[in-house]
Amino acid sequence: MTALVRMISGLVLWSVAFAVLYALQGLGCARGWTEPAVFGLTQTKAVLLAVWAGLIASQVVLLLWLMRRRDTQMERIGIAIGWIGLGATVITGLPILAISTCF
Amino acid sequence: MKAIQLHRDLTRIWEGEPGWRGVLTSVSHTDLGKRFIIAAAVFFGIGGVLAMLIRAQLATPESAFAGPEVYGQIFTMHGSIMMFLFAIPMLEGLAIYLLPKILGARDLAYPRLTALGWWCYLFGGSIMILALLGGVAPDAGWFLYPPLSGKEFTPGVNSDVWLLGITFVEISAMCAAIEIVVTILKFRAANMSLTRMPIMAWYLLATAGMMIFGFPPLILGSILLELERAFGWPFFQPELGGSPLLWQHLFWLFGHPEVYIIFLPAAGALSTIIPVMARTPLIGYGAIVTAVMALAFLSFGLWVHHMFTTGIPHMALGFFSAASVLVAIPTAVQIFAWIGTIWAGRPKFTLPMYYIVGFFIVFVLGGLTGVMLAIVPFDQQAHDTAFVTAHLHYVLVGGFVFPMLAAAYYWMPHATGRTRVMRLGIAAFWLILIGFNLTFLHMHLTGLLGMPRRMYTYPAEAGWTWLNLISSVGSFMQAFGFGLFAIDIALQRRVGNRSRRDPWNAETLEWAMPTPPPQYNFASLPTVDCREPLTRDRLLGAGLAAGRGLLGRTIGHRRETLAVDMVTGAPEHVAILPGPSIVPFQTALVIGGFFLSMLLSLYWLAPVFILGTAVMVWRWTATTGTTKDDGPVDTGQGDQLPTSFAVRGSVGYWGSVLAIAASATLFASLVFGHFFLWVVAPNWPPPGDFGAYFLEPALVTAGSLLALAAARIGARDFARSRNGAMISACSLALAVAGLLIGAIRHLPGPGEHSFAAVGWTLTSYAVFSAIVGLLAQIFITRRIASGHTTSDRPHELRIAAVWSDYGAAVALAVAWILSLSSASL
């Protein structure tokens, strides 16, 4: 069972990342955290950027951990899924850079 | 002579009861799988007739064929039947029939649960069809958006039929999902590691996992909407702090994964059939497994793309748009793997291949328009137009119906032991392919020209007349094609010549048994050392039939199959399976009584059926197990393995874990609903005085923690297990009391505001979960007393502990969520 969980861990982490980003964005907009905070960014966008960066870093750490073992096919699939998790976290978070937060 | 005796003994052990009683008591996965498939095909026929009525109505402008009320029922039932009564049950039927056979097992993990699922599906589907015949079918669209589906705009029972009928059917889907996951992880051939599994098993594992996490939000949504309709609890009414958007979130949290839940098993069939037809191994097994897992997860990040026009901020739309585009990549990986396999092999252009080619054409077009709709500005233009209708039919017919037609022709010789008699299937193929494209290809244009979906008529000046007429002609052509297909299949079943075993020279284990298959599948169970066992050893089937595999002997009347380590496939224990039973049928009847009493507004009667269901479940579990210690049993090849009664990680335990995972998903969705309404819905905070309270949560905390500790101690040390179970049950009763007192003292009436409605729902759920845990612990005390649970047969202790742990954890969480929410208002 542990091997199976390890295999899909990259996408499990992406699921968490996606849910966290969406929830933070919704919460920030609903609570009106739209005042400029740092570097001209609104409070919500600043938090989203920080959290997104943290999530990408977590995906990188997970990937490095997964890459330490590649003896079995499940471990190799796990590494591929780790790459997918990392790529998906980057791509689905890109709107944070490009789009206004609450409109 | 020994082989013939073995077959006689196995037939005696595995055959069902005779006559009508046998129909009601059957737990055979082969019989039940076929029943699911046939019933789903019948529902497909009904849904198809409704589609013809839609096309008859829309063939000409200002048609007088059907008025808006009737048309509303027709298109709602067409969509609902095709999604809930055809597609999902068809994939369940395929999995139920096929899974043990491709894995080298004799049955599924929970034969009686399979039967319960079947009866729930049949009864729930029948309620829907009877409502259609009675003219009171659902009429608010297959996704039943409030406020249209609410009491104000749909005062009759139409929406209740959908909410209760579909939820009844969903019980069947949840049973199947748990069954499929546990069967794949535990009931495989010896040494069949996960990466030696046939590719179909990976697809079904992903699908069933998605069902476990994808269906509970819909079940929750249906419960909430029914509570609103029946008792006026305002979850979706903005004037009382609710929001119709909550329904859309819950529905599409299920609804978009649903598309992939439907597609993945069909893709599994393609990945199985294409290498056989191409006469070469599947290219990119590892890449496909990776892609399937990627689809299983990414598809949960798409649901808001059905809500692009609801006013959600653009950044959030961007998250979902990005995920929607991303999901095309793992889909394309599979498409290229299939094309590569055909390219690398020597393809035979047999009938299944015709439908596979049809799949490629139709599904790729549907995928492309899907990418178009994933782009927010385009979707905002095309939303709710006929363009979307065309897109979804390209995806679902291309991604499910065409592969299922290929699968039908591929596995018919297996199910019937007969070959095709005529060339009707090819004529049917061309009629379906041409008719389908004639119906839907230019429907994209109809949509782009502005025709909304679901409108019952249109003016001649709109300029949509000729497009609609061509669609209607094409749809009738399709209908003739499906009619020919049905005739072809019926002829094969009735008058086809006897087929030889494995007519396709296939690679997977289902072809290593006699066809049609005996109830026990294999006389002895295989040991595998590669993914294509039949390619390695063409005489494998004969060897197994002669009893040269594992468990090639019988013990009394015992139904046995092999359980293995989840990852490596190393033999772990011998699972003892139950025989024919009337209990699943009776349980489904009692559950049906609950749904009917709700539907007929006999609310006072509903608790009687809830109690009846609890009694039936108790009876069900009480008839399992043994009071005898058999010790390890011989596998028939000289090895000794324990039976399932003597191991801790039995399938019962894993099934409980998965059922709790599904229940926890429903709970998480409800907690999401609580905070969603609080943050997003208008008219918050609720009127009235709220404040901090800690006495009742403290009571619940004490009860829950004591229950957790007592269950742990009891599960670890058998000498203290009975006392542990008693203390755990009493502590859970304390938690229940704390929850109820807290709700009565501090929550307003559930009809006053959505905060109170959600609060009462959370409390009810926690009370329910805690009572389930409490009953599990009381059950254990009875089992210890009766000698079923002993230090040598401890597995039920672990199962009871997992249920009471969950009940305690939920009680604890709900008590503090409500307390802290009240303090924050």
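In which helix of chain B is Ser271(B) found? In this predicted model, Ser271(B) belongs to helix α8, which spans residues 244-278 of chain B. Ser271(B) counts as buried because its relative accessibility is 2%, below the 20% limit for that class. The side chain of Ser271(B) is engaged in a polar contact with the side chain of Trp338(B), at 2.7 Å. When residues up to four places away in sequence are not counted, Ser271(B) touches Ile199(B), Tyr203(B), Leu282(B), Ile288(B) and Trp338(B). Trp338(B) thus appears both as the polar partner of Ser271(B) and in the list of residues that Ser271(B) touches.

A second buried polar residue was examined in helix α17. Gln478(B) is found in this helix, which covers residues 465-495 of chain B. With a relative accessible area of 9%, Gln478(B) is buried. Its contacts, leaving aside neighbours within four places in sequence, are with Leu431(B), Ile432(B), Gly435(B), Phe436(B), Thr439(B) and Phe440(B).

Val564(B) provides a further buried site, located in strand β1 (residues 559-564) of chain B. The relative accessible area of Val564(B) is 0%, and the residue is therefore classed as buried. Beyond the residues up to four places away in sequence, Val564(B) touches Leu185(B), Lys186(B), Arg188(B), Ala189(B) and Ala190(B), as well as Gly569(B), Ala570(B), Pro571(B) and Glu572(B). Met513(B) lies 51 residues from Val564(B) along the chain, and the C-alpha atoms of the two are separated by 21 Å.

Attention is next given to the surface of chain B. A nonpolar patch there is formed by Ile361(B), Val364(B), Leu365(B), Leu368(B) and Leu441(B), whose accessible area together is about 400 Å². One of these residues, Leu365(B), has its place in helix α12 (residues 351-374) of chain B. Leu365(B) is partly exposed, with a relative accessible area of 34%; this value meets the patch criterion because membership requires over 30% relative accessible area.

The interface between the two chains was then characterised. The size of an interface is often given as the accessible area lost when the parts come together. Between chain B and chain A, the buried area is about 2,800 Å², and carbon and sulfur atoms give 83% of this area. On the side of chain B, Phe297(B), Met315(B) and Phe319(B) lose the most area to chain A, together accounting for 27% of what that side buries. The contact takes 33 residues from chain B and 36 residues from chain A. Zero salt bridges are found by the rule across this interface, whereas two residue pairs are in polar contact, both at pLDDT 80 or more. Elements giving two or more residues to the side of chain B that touches chain A are α9 (285-298), α10 (314-326) and α22 (651-680) of chain B. Of that side, the largest share comes from α10(B), with nine residues.

Salt bridges were also surveyed over the whole structure, and 14 were found over all chains. In one of them, Arg21(B) is paired with Glu17(B), the closest N and O atoms being 3.1 Å apart. Both partners are partly exposed: the relative accessible area is 46% for Arg21(B) and 30% for Glu17(B).

Another salt bridge joins the side chains of Asp384(B) and Arg453(B), at 3.8 Å from N to O. This pair links distant parts of the chain, 69 residues apart: Asp384(B) is in the loop between α13 (376-382) and α14 (386-416) of chain B, and Arg453(B) is in the loop between α16 (443-448) and α17 of chain B. Asp384(B) is partly exposed, with a relative accessible area of 36%, whereas Arg453(B) is buried, with a value of 18%.

The side chains of Asp805(B) and Arg712(B) also meet in a salt bridge, for which the N to O distance is 2.2 Å. Asp805(B) lies in helix α26 (residues 795-824) of chain B and Arg712(B) in helix α23 (residues 695-716) of chain B, so this pair ties together parts that are 93 residues apart in sequence. Asp805(B) counts as buried at 16% relative accessibility, while Arg712(B) counts as partly exposed at 34%. Finally, Arg553(B), Arg558(B) and Glu560(B) are joined into one network by salt bridges that share partners.

Conventions
Residues are numbered from 1 along each chain as its sequence is written. Chains are lettered from A and ligands numbered from 1 in the order in which they are written. This is a predicted model: local features need pLDDT of at least 70, side-chain atom pairs count only at pLDDT 80 or more; totals for chains, interfaces and linings use all residues. Side-chain values use heavy atoms; hydrogens and water are left out. Patches are made of residues with over 30% relative accessible area and no salt bridge: like charges are joined within 9 Å, nonpolar side chains (Val, Leu, Ile, Met, Phe, Trp, Tyr) within 5 Å. Accessible areas come from the Shrake-Rupley method with a 1.4 Å probe; for residues, only the protein chains shown count as cover. A salt bridge is a side-chain nitrogen of Lys or Arg within 4 Å of a carboxyl oxygen of Asp or Glu. Helices (H or I, at least four residues) and strands (E, at least two) are DSSP runs, numbered from the N terminus. Buried means under 20% relative accessible area, exposed over 50%, partly exposed in between (1.4 Å probe, protein chains only). Contact means heavy atoms within 4.5 Å. Buried area is the accessible area (1.4 Å probe) that two parts lose on being put together, summed over both. A polar contact is a pair of N or O atoms within 3.5 Å; within protein, one must be able to donate a hydrogen and the other to accept it, and residues adjacent in sequence count only if both atoms are side-chain atoms.
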